[in-house]
Amino acid sequence: MKTLREIFPKGKRVFVRVDFNVPFDSEGNISDSTRIEAALPTIRHLQGEGAKVILASHLGRPKGECNPQFSLRPVAAELARKLGQPVIFLEDCIGPEVESAVRGIYDGSVVLLENLRFHPGEEKNDSEFSRALDRLTEIYVNDAFGAAHRAHASTAGLPALVEEKAGGFLLQKELAYLGGKTENPERPFLVILGGAKVSDKIGVIDALLEKADSILIGGAMAYTFSLAQGCQVGSSLCEPDKVDLAKSILASAREMGIKFLLPVDHLISEKLDFKASTTGETQIIEGDFPEGWSGTDIGPKTIALYLQEIGPARTILWNGPMGIFEIEPCRKGTFAVAEAIARNTEATSIIGGGDSVKAINMGGFSEGINFISTGGGASLEFLEGKSLPGVTALEIMDQSV
Ligand code: AMP
């Protein structure tokens, strides 16, 4: 894959696939602009080189139809503020008007196209839609790591049609951290996995069993392992149909001599109300949960045990919260783990996307983290060892072979 420094974009129309799929609050304001900020180094570099920068992204799931609720217009305004210069917003991403607009812009200008997913051809990786995007493009750059696991027109179909293409700075950085640093980790290499379901993380656990020295489990995922060990978990979120899988993971970890730690105590609650953010009565418990109660966080003994592992680690990869961190009384475990990772300044710390990133930001611990991935699903698939269509499409054949 070429880097941005190996292409010569001066005066060229450079189509940059970015990931501007940002969250909005109830008043329609962007509530987290991390993804916009993450694309700035690539945009500024191309501008500095005198490229005509054409940015394209998806936003939400408009299902192939034009829907103003998913317009990228507010993103153009936010990007202009961050760049300190105007961003030309076009109301579509293909068609004769868009083509003539992008041909008419000055070198160094920045254009943002309207949501790619307003056209059904984007998600279908339709060849006609890819050709329509190609008519805007002289050089192709992908900096949308968060969308690299999808074979869509803008991530796979278009780059297949373009000769000159490269990975943007963000994409390269994601691959370097999630790939390089976990492939040859400084040891001890500690992996912390949590979140809702074992089934979402099976592939990652399997792949990381081969590389990690220790794996810590938290979140609702832990209750499926508790079932595998013959414990009662009350009304906790768990996957009884994955109990055999959990047993086989525990057996593999034992065989391979990997330290595989499960919670030794739990915060459980009687009445969970997500909407009201309340838990009803809570208690700390070891062993079987009473009927009707659900596990909502790891307990204090588990926190102490996990912090002992985080301290001496030299590479730490974390994906998935330790409990229902969205509800205040259930976030102690997640925040304690986040803080301990941030305080371990001798380790390379990598946070793998999604809710762990939200928790890190909520707790104000992001300063102490070396790398925060912008891709949830993409980072999991990459860690599993799957090839990402958006990355494969950038690979160039070795002409000398
Ligand atoms: P994931 O997307 O798989 O990383 O899961 C993140 C979600 O898992 C968050 O919304 C958490 O609230 C949820 N979660 C974590 N622990 C629990 C738990 N003990 N019970 C129910 N949901 C949980």
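**Exercise 1. Is Ser-373 buried or exposed, and what does its side chain reach?**

Step 1: accessibility. Ser-373 has 4% relative accessibility, so it counts as buried. The cut-offs are these: buried means under 20% relative accessible area, exposed over 50%, and partly exposed in between (1.4 Å probe, protein chains only).

Step 2: place. Ser-373 lies in the loop between strand 15 (371-372) and helix 14 (376-383). Helices (H or I, at least four residues) and strands (E, at least two) are DSSP runs, numbered from the N terminus.

Step 3: partner. The side chain of Ser-373 reaches the backbone nitrogen of Gly-375 at 3.1 Å.

A note on the model: it is predicted, so local features need pLDDT of at least 70 and side-chain atom pairs count only at pLDDT 80 or more, while totals for chains, interfaces and linings use all residues. Residues are numbered from 1 along each chain as its sequence is written, and side-chain values use heavy atoms, with hydrogens and water left out.

**Exercise 2. Work out how domain 1 and domain 2 meet**.

Step 1: bounds. Domain 1 covers 4-171 and domain 2 covers 185-384. These bounds come from an automatic or database domain assignment.

Step 2: contact. Nine residues from domain 1 and nine residues from domain 2 take part. Contact means heavy atoms within 4.5 Å.

Step 3: distance. The C-alpha centres of the two domains lie 35 Å apart.

Step 4: area. About 680 Å² is buried between the domains, and carbon and sulfur atoms give 64% of that. Buried area is the accessible area (1.4 Å probe) that two parts lose on being put together, summed over both.

Step 5: the side of domain 1. Helix 1 (residues 34-48) gives the largest share of the side that touches domain 2, with three residues. By type, that side of domain 1 has three nonpolar, three polar and three charged residues. Here Ala, Val, Leu, Ile, Met, Phe, Trp, Tyr, Cys and Pro count as nonpolar, Asp, Glu, Lys and Arg as charged, and the others, Gly among them, as polar.

Step 6: pairs. Between the domains there are zero salt bridges. A salt bridge is a side-chain nitrogen of Lys or Arg within 4 Å of a carboxyl oxygen of Asp or Glu. One residue pair is in polar contact across the domains, both at pLDDT 80 or more. A polar contact is a pair of N or O atoms within 3.5 Å; within protein, one must be able to donate a hydrogen and the other to accept it, and residues adjacent in sequence count only if both atoms are side-chain atoms.

**Exercise 3. Where do Asp-107 and Lys-52 sit, and how far apart are they along the chain?**

Step 1: the bond. Asp-107 forms a salt bridge with Lys-52, with the closest N and O atoms 2.6 Å apart. Side chains of opposite charge can pair when their charged atoms come close.

Step 2: the places. Asp-107 is in the loop between helix 3 (96-103) and strand 4 (110-112), and Lys-52 is in strand 2 (residues 52-56). They are 55 residues apart, so the pair links distant parts of the chain.

Step 3: the surroundings. Asp-107 is partly exposed at 38% relative accessibility. Lys-52 is buried at 12%.

**Exercise 4. How many residues separate Arg-343 and Glu-339 in helix 12?**

Step 1: count. They are four residues apart in helix 12 (residues 332-343), which means about one helical turn. An α-helix has 3.6 residues a turn, so residues three or four places apart point the same way.

Step 2: pairing. Arg-343 forms a salt bridge with Glu-339, with N and O atoms 3.0 Å apart at the closest.

Step 3: accessibility. Arg-343 is exposed at 62%, whereas Glu-339 is partly exposed at 31%.

Step 4: the wider count. The structure holds 20 salt bridges. Glu-37, Glu-78, Arg-81 and Lys-82 are linked in a network of them.

**Exercise 5. Describe helix 9 and what Cys-238 touches**.

Step 1: cover. Helix 9 (residues 221-228) is mostly covered, with seven of its eight residues buried. Among them are Met-221, Tyr-223 and Phe-225.

Step 2: the end. Just after helix 9, Gly-230 takes a positive phi of about 85°.

Step 3: the loop. Cys-238 lies between helix 9 and helix 10 (243-256). Cys-238 is partly exposed at 22% relative accessibility.

Step 4: neighbours. Leaving out residues up to four places away in sequence, Cys-238 touches Tyr-223, Thr-224, Leu-227 and Val-233.
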